[in-house]
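Biologist: I am new to this structure and would love a close look at a single part of it. Could you take me through the aromatic rings, and then show me what else is worth a look?

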Amino acid sequence: MKVFLSKNFKTELDQIYLRLHRDLSAIYYINGVDVTSHIEANYDFAHFVNISCKKDILFVKEKLKKKVIVNYFVDKHTAKKDNVSEILIPNDEKKLLNKCDLIIASCQADKMILIANEIKTPIEVVTPPVKEEKFSRISELEKNSFFKYAGLMKNDSFALSMVNYKNIQDVQDLIVLANELKTYKIFVFGPRLKLFRNLKIKKQIRKAPKNIYFKTYINEDLFKSALLLSNFFIVTRESEGEIITILEAMITKTQIMTYHSHFIGDVLNDNVNCIHVTDSKELANKIKQCEENGFPTIEEGYSFAKKSNYETCGQNLKQILEKYIELDFSQE
């Protein structure tokens with residue numbers, strides 16, 4: 001079996017999809033699947049880590065007549081009133097997804113959203129792989145690099161969050177949280193800050209207290225350091241990086257806090273591997289309780305993430321490809 005693994009995706013999302021691309025390449029390798037980076041090579045499947053490279057997907061499908069696999073993360077900012085059943089996939093994305101031969105969803109919740117949007121392409125669930133050694137084998141200097149970057153003292157407590165800055169409500173909620181936790185530092189990372197040209201977002205940022213920092217993506221080494229040093233990882237309505245960053249936070253034994261997440265009841269379970277709240281003020285109270293009494297769900301979170309190791313995810317993906325390799329499931 002041979003797979004073309006595409007590395008052509010939007011630069012704005014590089015940090016997330018570069019990690020997914022590298023991890024997929026590794027799990028293919030350790031499970032004996034040959035991988036090529038040449039789009040016109042001879043292979044059984046073309047695997048794209050997202051659907052942003054529409055031209056390449058259509059070239060493989062329509063010109064080369066080869067089977068296309070695509071990883072798809074549902075964009076949550078299209079949700080209405082926090083109701084998962086009302087998440088709508090844009091029509092242009094639906095058309096492209098229905099031209100593919102197989103969709104890899106990161107969790108059951110994303111699969112159900114795809115089905116609710118009448119996606120006809122077969123959908124399989126494969127949790128993104130996470131490698132514990134990526135975090136456990138870094139040097140002490142690398143581990144402490146985020147302290148220097150953020151101007152923090154070694155005893156400072158802080159929380160992390162990854163957001164899509166298009167979601168103004170996420171920005172507002174985190175500002176409320178920062179106001180409730182005046183002595184706490186909150187670092188928020190997401191796609192390029194050009195979105196701050198939006199007047200509504202600019203007004204929110206201007207009103208934000210000094211203990212919250214809205215940043216663009218940082219490099220992977222700094223982010224690894226941030227996860228290893230942070231006390232909390234906050235999952236919002238539309239957490240950038242989706243389940244990938246959630247699993248990375250879990251494997252580093254960072255306490256997961258969440259509200260309005262469609263992962264609840266699927267990837268995340270309240271009082272099991274995360275603490276789920278309904279608003280920012282409750283979140284602030286829970287953070288204070290954890291600081292006083294300990295972090296109750298980090299061990300379960302760690303155990304959950306351990307199940308998404310390279311070997312297990314690789315075997316699952318390989319079995320799926322073997323299942324579909326001989327089938328003609330073209331949408332034409």
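Modeller: Gladly; here is a walk from the aromatic rings to the lysines and then the cysteines. Please keep in mind that this is a predicted model.

Let's start with the rings. The count of aromatic pairs comes to 12. One of them joins Phe146 and Phe189, whose ring centres are 6.4 Å apart, with 70° between the planes. That angle makes the pair edge-to-face, because the planes have to be over 60 degrees apart for that label. Phe146 belongs to helix 7 (residues 145-150), while Phe189 sits in strand 8 (residues 185-190), so their contact ties together parts that are 43 residues apart in sequence. Both Phe146 and Phe189 are buried. These two rings also have company: together with Tyr149, Phe158, Phe187 and Tyr213, they form one aromatic cluster.

Rings can also have a charge over them, which brings us to the lysines. Lys253 lies over the face of Tyr302, 4.7 Å from the ring centre. You will find Lys253 in the loop that runs between helix 11 (242-251) and strand 11 (255-259). With a relative accessible area of 38%, Lys253 is partly exposed. Its backbone deserves a glance too, as the phi of Lys253 is near 60°, a positive value in a residue other than glycine. For context, most residues other than glycine have a negative phi.

Lys65 has a positive phi as well, near 60°. This residue is in the loop between helix 2 (54-63) and strand 4 (67-72). Lys65 counts as exposed, because its relative accessibility is 58% and the cut-off for that term is over 50%. As for Lys66, its charged end sits over the ring of Tyr43, 4.8 Å from the ring centre.

Finally, the cysteines. A search of the whole structure finds 0 disulfides. Why does Cys274 have no bond to the closest cysteine sulfur? That closest sulfur belongs to Cys290 and is 11 Å away from the sulfur of Cys274, which is too far for a bond. The cut-off for a disulfide is a pair of cysteine sulfur atoms within 2.5 Å. Cys313 tells a similar story: its closest cysteine sulfur, in Cys107, is 13 Å away, again too far for a bond. Cys274 is buried, at 0% relative accessible area, and Cys313 is buried too, at 3%.

Notes: Residues are numbered from 1 along each chain as its sequence is written. This is a predicted model: local features need pLDDT of at least 70, side-chain atom pairs count only at pLDDT 80 or more; totals for chains, interfaces and linings use all residues. Side-chain values use heavy atoms; hydrogens and water are left out. Helices (H or I, at least four residues) and strands (E, at least two) are DSSP runs, numbered from the N terminus. Buried means under 20% relative accessible area, exposed over 50%, partly exposed in between (1.4 Å probe, protein chains only). Rings of Phe, Tyr and Trp (its six-membered ring) pair if their centres lie within 6.5 Å; planes under 30 degrees apart count as stacked, over 60 as edge-to-face and the rest as tilted. A charge sits over a ring if NZ of Lys or CZ of Arg is within 6 Å of the ring centre and within 35 degrees of the ring normal.
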